[in-house]
Amino acid sequence: MAADNVVKTPRAARINAPSGKTGRKGRPKAPANGRAVDTRENILQAAVKVFAERGLGGGRINLISRAARSKERMIYYYFGSKEKLFIEVLEKIYRDMWEAESALDLDLADPADALARIVRFTMDHYLAHPEMLALLNNENLHRGRYVSRSRTMKELSSPALDLMGRIYRRGVEQGVFRGGISPLHIYLSILALNYFYVSNRYTLSSFLGIDQMAEDNLSAWRAWVADTVLRAVQARD
């Protein structure tokens, strides 16, 4: 997966690479490996923040370099263009979510509990990472133009769908889930119910006259979604 994230740097960007010692033909040498990783990661983290706040159009290179305490030429050196940086930002937020989900260490011997834990995790992850919702909302305005260019997105979604499939099949084997349901539909239901609640929290709070972010309302919604999903898949008498 790491190899797929390597972006070939245009010649013009290499010429404007960080100043320092030069190799043959006057090309700057790349920073030492440790510093290169740190610099690249700092830029990526800064880009997440800037793009989440301003979108792709308003997320200018100079704002990102300033937030990263770096130089504009470093962004071109490591990522090639603002659009390629935006694609890597989208990959990062999906990768971060999957890594956090995989760290749950779910017990597939209890598929109902595993499914309920994924429901709670998804809600909590959205709440803890509002930048993810902002970035996805912005990319949907672009009709998925940039995420569709990602070489690794399919690799990032496959493990999550595979996990859901394993949980569901174990539930069917134990007789607690009914057959004939698509694991994809289960996963989409969890994402949709939690995404809508969190992404529309401000407008719905005003429209409904309630504070959707109050802890009692959040807890009630977590429980409702878990109950809804489990009832949808439970075996019928």
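Buried means under 20% relative accessible area, exposed means over 50%, and partly exposed lies in between, with a 1.4 Å probe and protein chains only. By that measure F86 is buried, because its relative accessible area is 0%. The structure is a predicted model, in which local features need pLDDT of at least 70, side-chain atom pairs count only at pLDDT 80 or more, and totals for chains, interfaces and linings use all residues. Residues are numbered from 1 along each chain as its sequence is written, and side-chain values use heavy atoms, with hydrogens and water left out.

**Confidence**

- The chain has a mean pLDDT (the predictor's confidence in each residue, from 0 to 100) of 85, and 85% of its residues reach 70 or more.
- Among the elements of the chain, helix α11 (residues 215-233) has the highest mean pLDDT, 96, and helix α1 (residues 11-15) the lowest, 37.
- Helices (H or I, at least four residues) and strands (E, at least two) are DSSP runs, numbered from the N terminus.
- Over residues 1-28 pLDDT stays under 50, and the model has 41 contacts (heavy atoms within 4.5 Å) beyond four places in sequence for them.
- Where pLDDT is low, the predicted coordinates should not be read in detail.

**Salt bridges**

- The structure holds 9 salt bridges, each a side-chain nitrogen of Lys or Arg within 4 Å of a carboxyl oxygen of Asp or Glu.
- One of them joins the side chains of K92 and E41, at 3.7 Å from N to O.
- K92 lies in helix α5 (residues 82-102) and E41 in helix α2 (residues 33-58), so this pair ties together parts that are 51 residues apart in sequence.
- K92 also forms a salt bridge with D96, with the closest N and O atoms 3.1 Å apart; both residues lie in helix α5, 4 residues apart, about one turn of the helix.
- E41, K92 and D96 are thus linked in a network of salt bridges.
- Within this network K92 is buried at 9% relative accessible area, whereas E41 is partly exposed at 32% and D96 is partly exposed at 30%.
- Leaving aside neighbours within four places in sequence, K92 is in contact with E41, L44, Q45 and V48.
- A salt bridge of 3.2 Å (N to O) joins the side chains of R166 and D162, which are 4 residues apart in helix α8 (residues 153-174), about one helical turn.
- R166 is partly exposed at 36% relative accessibility, and D162 is partly exposed at 42%.

**Aromatic pairs**

- The whole structure has 6 aromatic pairs; rings of Phe, Tyr and Trp (its six-membered ring) pair if their centres lie within 6.5 Å, and planes under 30 degrees apart count as stacked, over 60 as edge-to-face and the rest as tilted.
- The ring centres of F86 and Y146 are 5.7 Å apart and the planes stand at 85 degrees, so this pair is edge-to-face.
- F86 lies in helix α5 and Y146 in the loop between α7 (130-141) and α8, so the pair ties together parts that are 60 residues apart in sequence.
- Y146 counts as buried, at 7% relative accessibility.
- The rings of Y168 and F177 have centres 6.3 Å apart and planes at 10 degrees, so they are stacked.
- Y168 is buried at 7% relative accessibility, and F177 is buried at 5%.
- Ring pairs also link F51, F86 and Y146 into a cluster.
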